[in-house]
Amino acid sequence: MLRGGADVDELSSDLRCALESLERSQVEKVLEAAIRIHSPLEVIEGLIMPALEAVGEDWTAGKVALSQVYMSGRICEDLVGRLLPAVAQERGSFPRCAIAVLCDYHLLGKRIVLSVLRASGFNVLDYGRMEAPALVARVLADQVDILLISVLMLPAALKVREVRAGLDALGSRTRIAVGGAPFLFDPELWREVGADAMGRSAADGEAIVRRWAGEGAP
Ligand code: B12
């Protein structure tokens with residue numbers, strides 16, 4: 001999302017170093033420099049997200065400890081909260097949207113998607129983290145039109161099937177949009193678990209909701 005160039009490469013590598021060494025003040029400095037040139041969403045999706053993914057890869061390769069992944073996630077969660085735009089004017093009650101993290105504890109992606117949708121004026125219920133049966137019950141009780149599900153673990157992604165089956169069994173017409181790492185790793189997975197759409201970013205989430213709300217191209 002960020003335009004390439006020396007400044008972006010430098011910012012990316014500075015951010016990754018600052019995160020891995022857990023120097024919060026340095027992370028703040030890099031983000032302050034980035035925000036002078038780019039929009040908050042560009043900074044989040046073009047810099048923070050890839051930096052966290054790189055930290056995750058370094059953990060997989062045994063180069064950093066899980067505590068570093070955890071702390072860098074916490075630092076980013078906090079700073080992203082400050083970067084996200086304030087809630088904009090609401091558009092009214094249609095479509096009724098809700099968002100949840102299904103069965104896992106990776107919460108940052110959901111938080112960003114939620115904030116972007118709210119900033120665009122959509123009234124989105126935040127269900128936090130839920131298991132599949134409780135999620136189905138809640139969606140039915142709230143008569144949700146669009147359910148956004150965020151997952152970062154493959155076993156959690158497979159649980160979307162349970163949500164779909166539970167909703168179908170009770171005659172619900174709720175549409176499901178999914179996002180998160182397993183769907184990025186396997187681009188066909190969203191169809192296999194019975195979702196109606198998949199988004200790679202918060203901006204995609206907004207585009208999906210707009211389309212289903214009848215605001216965009218079909
Ligand atoms: C930070 C992190 C953690 C932190 C989470 C902190 C927190 N509060 O969220 C901690 C340390 C707790 C953690 C723990 C674990 N983690 Co972890 N973690 C990560 C890491 C490095 C980054 C995740 C992140 O926050 N990214 C930044 C956010 C902004 O990105 P995002 O969530 O993808 O969301 C964006 C898009 O995907 C999209 N999006 C997301 N959801 C949705 C939904 C919709 C509807 C739409 C449209 C779009 C959308 O928009 C978002 C904004 O742009 C990833 C690496 C990766 N490649 O993702 C591993 C990763 C997800 N973790 C992994 C693992 C294995 C674990 C642990 C099992 C480790 C362990 N052995 O204990 C535990 C499990 C915890 C659990 N049960 O949930 C694996 C998952 C593998 C898999 N596919 O199953 C990954 C992929 C690392 C790896 N390469 O192996 N983790």
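**View 1. Arg 164 and Asp 168 share helix H8.** Both residues belong to helix H8 (residues 160-169; helices are DSSP runs of H or I, at least four residues, numbered from the N terminus), where four residues, about one turn of the helix, set Arg 164 and Asp 168 apart. Their side chains form a salt bridge at 3.4 Å, N to O; the term denotes a side-chain nitrogen of Lys or Arg within 4 Å of a carboxyl oxygen of Asp or Glu. Arg 164 is buried at 13% relative accessibility, whereas Asp 168 is partly exposed at 45% (buried is under 20% relative accessible area, exposed over 50%, partly exposed in between; 1.4 Å probe, protein chains only). The model is predicted: local features need pLDDT of at least 70 and side-chain atom pairs pLDDT 80 or more, while totals for chains, interfaces and linings use all residues. Residues are numbered from 1 along each chain as its sequence is written, and side-chain values use heavy atoms, without hydrogens and water.

**View 2. Arg 24 and Glu 28 pair within helix H2.** The helix spans residues 24-37, and the two residues lie four apart in it. A salt bridge of 3.1 Å, N to O, joins their side chains. Arg 24 is partly exposed, at 29% relative accessibility, and Glu 28 is partly exposed at 24%.

**View 3. Lys 63 and Asp 58 meet in a salt bridge.** The N to O distance is 3.9 Å. Lys 63 is exposed, with a relative accessible area of 61%, but Asp 58 is buried at 7%. Salt bridges link both residues with Arg 16 and Glu 20 in a network.
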